[in-house]
Amino acid sequence: MDRASHISEEAGTSRAAPDLSRLLFEPNLRVHGLIDQTVVSNVLHDLKAVRDGGNDLYVEIDTPDGDADGARRIALEIKLFLKHSGRNGFVLGKNTVYSAGITVLAAFPQTW
């Protein structure tokens, strides 16, 4: 059993283990730079593409800060996707995840 599957079982969830290559190198949603209206619009566009495509959600976050309201909107949309799509969501913080980025990170359930 790989580590990710073991963690999911310990947490009492039925989450599948993430495709690590996809998570590390090919996320289907990226939050990069200061969170502003442009980043929010890009995230909403990318999230719609994930919803329409039927894939799990793979998010990469690299942000030093940004607009708190924008971060809350991104987090809300991710939570809604995870709750209503029936699909898994995985997140990886790369480089920096500060302030508004933590709000987005908190949209994902804790798995360990």
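A: Before we start, one term: a residue is called buried when its relative accessible area is under 20%, exposed when it is over 50%, and partly exposed in between. The model above is a predicted one, and in its protein chain buried residues make up 36% of the 112 residues.

Q: How should I read the overall layout, and which elements does the protein chain contain, in what order from the N terminus?

A: A useful habit is to list the elements before looking at contacts. This protein chain has five helices and three strands, and from the N terminus on the elements run α-α-β-α-β-α-β-α.

Q: How do I read the pairing of strands, and in which sense do β1 and β2 pair?

A: Pairing is read from the bridges between two strands. Here β1 and β2 pair in the parallel sense over four bridges, and one bridge partnership to look for is that of arginine 30 with glutamate 60 in β2. Between these two strands the chain crosses from β1 through helix α3, residues 37-53, to β2, in a β-α-β crossover that is right-handed.

Q: What joins β2 to strand β3?

A: Six bridges join β2 to strand β3, which spans residues 89-97, and the two strands run parallel. The chain goes from β2 through α4 to β3, and this β-α-β crossover is again a right-handed one. Among the bridge partners, leucine 57 is matched with glycine 89 in β3, while threonine 63 is matched with valine 97 in β3.

Q: How do I read the two faces of a strand, and which residues of β2 lie on each side?

A: In a regular strand the side chains alternate between the two faces of the sheet. In β2, Leu57, Val59, Ile61 and Thr63 lie on one side, Tyr58, Glu60 and Asp62 lie on the other, and all of them are buried, so both faces are covered. Put as a count, seven of the seven residues of β2 are buried.

Q: Is threonine 63 buried or exposed, and what else can be said about its place?

A: Threonine 63 lies in strand β2 and has a relative accessible area of 0%, which means that it is buried. Its C-alpha atom is separated by 9.0 Å from that of isoleucine 102, although the two residues are 39 residues apart along the chain.

Q: With which side chain does threonine 96 make a polar contact?

A: Threonine 96 belongs to strand β3, and its side chain makes a polar contact with the side chain of aspartate 62 at 3.2 Å. Threonine 96 has a relative accessible area of 18% and is therefore counted as buried.

Q: How do I read salt bridges, and how many does the structure hold?

A: Side chains of opposite charge can pair when their charged atoms come close. The structure holds five salt bridges. One of them is formed by arginine 30 and glutamate 60, whose closest N and O atoms are 3.8 Å apart. This pair links distant parts of the chain, with arginine 30 in strand β1 (residues 29-32) and glutamate 60 in strand β2 (residues 57-63), 30 residues apart. Arginine 30, with a relative accessible area of 38%, is partly exposed, whereas glutamate 60, at 6% relative accessibility, is buried. Arg30, Glu60 and Lys94 are also linked in a network of salt bridges.

Q: Which salt bridges should I look for in helix α4, and how far apart along the helix are the partners?

A: In helix α4, residues 68-85, arginine 72 and aspartate 69 are three residues apart and therefore separated by about one helical turn. Their salt bridge has its closest N and O atoms 2.2 Å apart, and arginine 72, at 46% relative accessibility, counts as partly exposed. Glutamate 77 and arginine 73, four residues apart in helix α4, are likewise separated by about one helical turn, and the closest N and O atoms of their salt bridge are 2.9 Å apart. Glutamate 77 is buried at 18% relative accessibility, while arginine 73 is partly exposed at 38%.

Q: How do I read a nonpolar patch on the surface, and which residues form it?

A: Here one looks for nonpolar side chains that retain accessible area. Leu20, Leu24 and Phe25 form such a patch, with about 320 Å² of accessible area together. Leucine 24 is found in helix α2, residues 20-25, and at 34% relative accessibility it counts as partly exposed.

Note on methods: Residues are numbered from 1 along each chain as its sequence is written. This is a predicted model: local features need pLDDT of at least 70, side-chain atom pairs count only at pLDDT 80 or more; totals for chains, interfaces and linings use all residues. Side-chain values use heavy atoms; hydrogens and water are left out. Patches are made of residues with over 30% relative accessible area and no salt bridge: like charges are joined within 9 Å, nonpolar side chains (Val, Leu, Ile, Met, Phe, Trp, Tyr) within 5 Å. Accessible areas come from the Shrake-Rupley method with a 1.4 Å probe; for residues, only the protein chains shown count as cover. A salt bridge is a side-chain nitrogen of Lys or Arg within 4 Å of a carboxyl oxygen of Asp or Glu. Buried means under 20% relative accessible area, exposed over 50%, partly exposed in between (1.4 Å probe, protein chains only). Two strands pair if DSSP finds at least two bridges between them. A crossover is right-handed if, with the strands pointing away from the viewer, the path from the first strand over the helix to the second runs clockwise. A polar contact is a pair of N or O atoms within 3.5 Å; within protein, one must be able to donate a hydrogen and the other to accept it, and residues adjacent in sequence count only if both atoms are side-chain atoms.
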